[in-house]
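Biologist: I'd like to go through this one piece by piece. Can you put it up for us?

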Amino acid sequence: MTIRDDHSLAGDLATEAGERLLELRARHGFDDQRALKDAGDRSSHRFLMDALERLRPSDSVLSEEATREERMDPRRLTASRVWIVDPLDGTREYSEPGRSDWAVHVALWQEGALMAGAVALPAQGRTLTTAEPPVLPKAPAAGEPFRIAVSRTRPPEFVRELAARLGAELVPIGSAGAKISAVLTGQVEAYVHAGGQYEWDSAAPVAVALAAGAHVSRIDGSPPAYNQADPSLPDILVSLPDLAPTMLACIRDLHRQSP
Ligand SMILES: Nc1ncnc2c1ncn2[C@@H]1O[C@H](COP(=O)(O)O)[C@@H](OP(=O)(O)O)[C@H]1O
Ligand SMILES: [Mg+2]
């Protein structure tokens, strides 16, 4: 098995899971959105688990849709390779007609670092991967306005003030994968989240963002850690590198004023 194989495998699995989700959405329709969400989460999880079991039988897997016991299985903490997957990120948007901000995340953590990953954006017809990381757009000149992607439904409470101080525009988008992809492809210049999230929500897009050379950190500037005993990873900042120092300083100021 070569390193290159893992990058391609992540891309192929995310893309195929995404195609299956597109078919399911077309077949199912939107009359029962709850049922569509459940069917999407469940079938995509099953597909990815079966494929990884077959193709990488000695690796561990941490999936959003696994049972609590499976997620807390201590064996993954001593494993050297763990696939961290979110079979359907942006489940809410998947169940809304016409929306393309949902994703499939497949990442590989190996010995302490994210070493491969892919984010399929099936309704946008593309998959971003560490096999061929996207070329980052140019950052806006100092003082120029820029755009920050935020959750449509659970944006961090400090984000309005952050945008006001930085002269930035907030762009609500569903799915952490779709938001980080939007940074990497030039629809926005940054993504900030706080208040709750899990490793599977960010592992794959963070792997691609790091491979592309984007800034990735927690909102206190520290590096995010994956394959932890507690998979909670509640905040994240991904941005074009030049914007990160100013954004982190501004977030720090805001927290100093109202901790
Ligand atoms: N406060 C919070 N607590 C837990 N999970 C959160 C959260 N805010 C966002 N998330 C998760 O992060 C992903 C992106 O959310 P959003 O679109 O709001 O930015 C979603 O994943 P899923 O769709 O896989 O559940 C969502 O559940
Ligand atoms: Mg998710």
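Biologist: Let's start with a small detail: which residue in E10 stands opposite His 215?

Modeller: It's a predicted model, where local features need pLDDT of at least 70, side-chain atom pairs count only at pLDDT 80 or more, and totals for chains, interfaces and linings use all residues. Residues are numbered from 1 along each chain as its sequence is written, while chains are lettered from A and ligands numbered from 1 in the order in which they are written. E9 and strand E10 (residues 236-239) are antiparallel partners over three bridges, strands (E, at least two residues) and helices (H or I, at least four) being DSSP runs numbered from the N terminus. Across from His 215 in E10 you'll find Ser 239.

Biologist: Which strands are at the edges of that sheet?

Modeller: The sheet is open and mixed, and its five strands come in the order E7-E6-E8-E10-E9; two strands pair if DSSP finds at least two bridges between them. An edge strand here pairs on one side only, and that picks out strand E7 (169-172) and strand E9 (215-217).

Biologist: And at about what angle to E8 does H7 run?

Modeller: Helix H7 (residues 176-185) packs on this sheet, touching strand E6 (147-150), strand E8 (190-193) and E10; contact takes C-beta atoms, placed from the backbone, within 7 Å. Axes are lines fitted to C-alpha atoms, for helices over the stretch in contact, and angles between N-to-C directions go from 0 to 180 degrees. For H7 and E8, the angle is about 150 degrees.

Biologist: What about the other side of H7: which strands does H7 lie across at about 95 degrees to E4?

Modeller: There's another open five-stranded sheet with mixed pairing, ordered E1-E2-E3-E4-E5. Helix H2 lies across E1, E2 and E3 there, at about 155 degrees to E2. H7, at about 95 degrees to E4, lies across E2, E3, E4 and E5.

Biologist: Why is strand E3 largely enclosed, and how many of its residues are buried?

Modeller: Strand E2 (residues 81-89) runs antiparallel to E3 and is joined to it by seven bridges, with Val 85 partnered by Val 106 and Asp 89 opposite Ala 103. Strand E4 (residues 113-121) is also antiparallel to E3, again through seven bridges, and Leu 108 has Ala 116 as its partner. Buried means 20 or more other C-beta atoms within 10 Å of the residue's own, exposed 12 or fewer, and partly exposed in between, with C-beta atoms placed from the backbone. E3 (residues 103-110) is largely enclosed by the rest of the structure because its buried residues, out of eight, number seven.

Biologist: Which residue takes a positive phi in the hairpin of E3 and E4?

Modeller: Two residues sit between the strands in that hairpin. The one with a positive phi, near 45 degrees, is Glu 111.

Biologist: How are H6 and H9 oriented to each other?

Modeller: Helix H6 (residues 159-166) and helix H9 (residues 244-257) pack with axes 10 Å apart, at about 125 degrees. Glu 161, Leu 162, Arg 165 and Leu 166 of H6 meet H9 residues including Met 247 and Leu 254. Under 35 degrees is roughly parallel, over 145 roughly antiparallel, 65 to 115 roughly perpendicular, and the rest oblique. So H6 and H9 are oblique.

Biologist: Last one: is Phe 30 buried or exposed?

Modeller: Phe 30 is in the loop between helix H1 (3-28) and helix H2 (33-55), and touches Leu 36, Ser 95 and Pro 97, leaving aside residues up to four places away in sequence. Its C-beta has 11 others within 10 Å, so Phe 30 is exposed.

Methods. Contact = placed C-beta atoms within 7 Å.
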